[in-house]
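Welcome! Let's look at some of the labels used for this structure and ask what stands behind each one.

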Amino acid sequence: VQLVESGGGLVQPGGSLRLSCTVSGTVFSVYILEWYRQAPGKQRELIADIYTDGKTTYAGAVKGRFTISRDNAKSTAYLQMTSLKPEDTAIYYCHIPTRNAWGQGTQVTVSF
């Protein structure tokens, strides 16, 4: 199983980014997909997940600003991030929990 994140970058506070996580080597549609992030000096934290039926959950810090979605036909999950804050700066990872499979991460930096 391979997960590849993309879409990170530098954005100003208040801006938006969309991250993608493309999955290969397995049937994407049968798995829950999670997004984590890890800021410098902090533990990796779960911020959003999406179930096979499309149900979603969010951490309090991102609820109302981030939206997780999936396109099973493309074996890809997305994380739409809006109203970004400097404290959202982190490496963002996607994860399939039942396979304990991780992507390599994509850096998001929110700064002027």
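Q: What makes the approach of the Arg70 side chain to the backbone oxygen of Tyr51 a polar contact?
A: In this predicted model, the Arg70 side chain reaches that oxygen at 3.2 Å. The cut-off for a polar contact is 3.5 Å between N or O atoms, one able to donate a hydrogen and the other to accept it. The distance of 3.2 Å therefore fits within 3.5 Å.

Q: Which other backbone oxygen lies by a polar atom of the Arg70 side chain?
A: That of Tyr31, at 2.8 Å, which again is within the 3.5 Å cut-off.

Q: How do you know that Arg70 has no salt bridge?
A: Look at the nearest side chain of opposite charge: Asp53, 7.4 Å away. A salt bridge needs a nitrogen of Lys or Arg within 4 Å of a carboxyl oxygen of Asp or Glu, so Arg70 has none, although this residue is buried.

Q: Where is Arg70 found, and what does it touch?
A: Arg70 is in strand β7. Leaving out residues up to four places away in sequence, its contacts include Phe28, Ser29, Ile32, Leu33, Ile50 and Thr76.

Q: Where does Ser75 lie, and which residues does it touch?
A: Ser75 lies in the loop between β7 (66–71) and β8 (76–81). Beyond four places in sequence, Ser75 touches Cys21, Thr22, Val23 and Phe28.

Q: Why is β4 described as largely enclosed?
A: Five of its six residues are buried, so the rest of the structure largely encloses β4. Buried here stands for under 20% relative accessible area.

Q: What makes β4 and β5 a pair of strands?
A: Pairing needs at least two bridges, and five join β4 to β5, so these antiparallel strands qualify. One partnership is that of Glu34 with Asp49 in β5. The two strands form a hairpin with six residues between them, and Gly41 in the turn has a positive phi of about 75°.

Q: How do you know that β4 also pairs with β9?
A: Five bridges join β4 to β9, again antiparallel, and at least two are needed, so this is a pair as well. In β9, Glu34 has His95 as its bridge partner.

Q: Which residues have the most contacts inside the largest nonpolar core?
A: They are Leu33, Trp35, Leu79, Met81 and Tyr92, in a core of 28 residues. Strands supplying at least two residues each include β3 (17–24), β4 (33–38) and β9 (90–96). Among the contacts of Tyr92 are Leu19, Trp35, Leu79 and Met81.

Terms used. Residues are numbered from 1 along each chain as its sequence is written. This is a predicted model: local features need pLDDT of at least 70, side-chain atom pairs count only at pLDDT 80 or more; totals for chains, interfaces and linings use all residues. Side-chain values use heavy atoms; hydrogens and water are left out. Helices (H or I, at least four residues) and strands (E, at least two) are DSSP runs, numbered from the N terminus. Contact means heavy atoms within 4.5 Å. A nonpolar core is a set of buried Ala, Val, Leu, Ile, Met, Phe, Trp, Tyr and Cys residues joined through side-chain atoms within 4.5 Å. Buried means under 20% relative accessible area, exposed over 50%, partly exposed in between (1.4 Å probe, protein chains only). Lys and Arg count as positive and Asp and Glu as negative; His and the chain ends are not counted.
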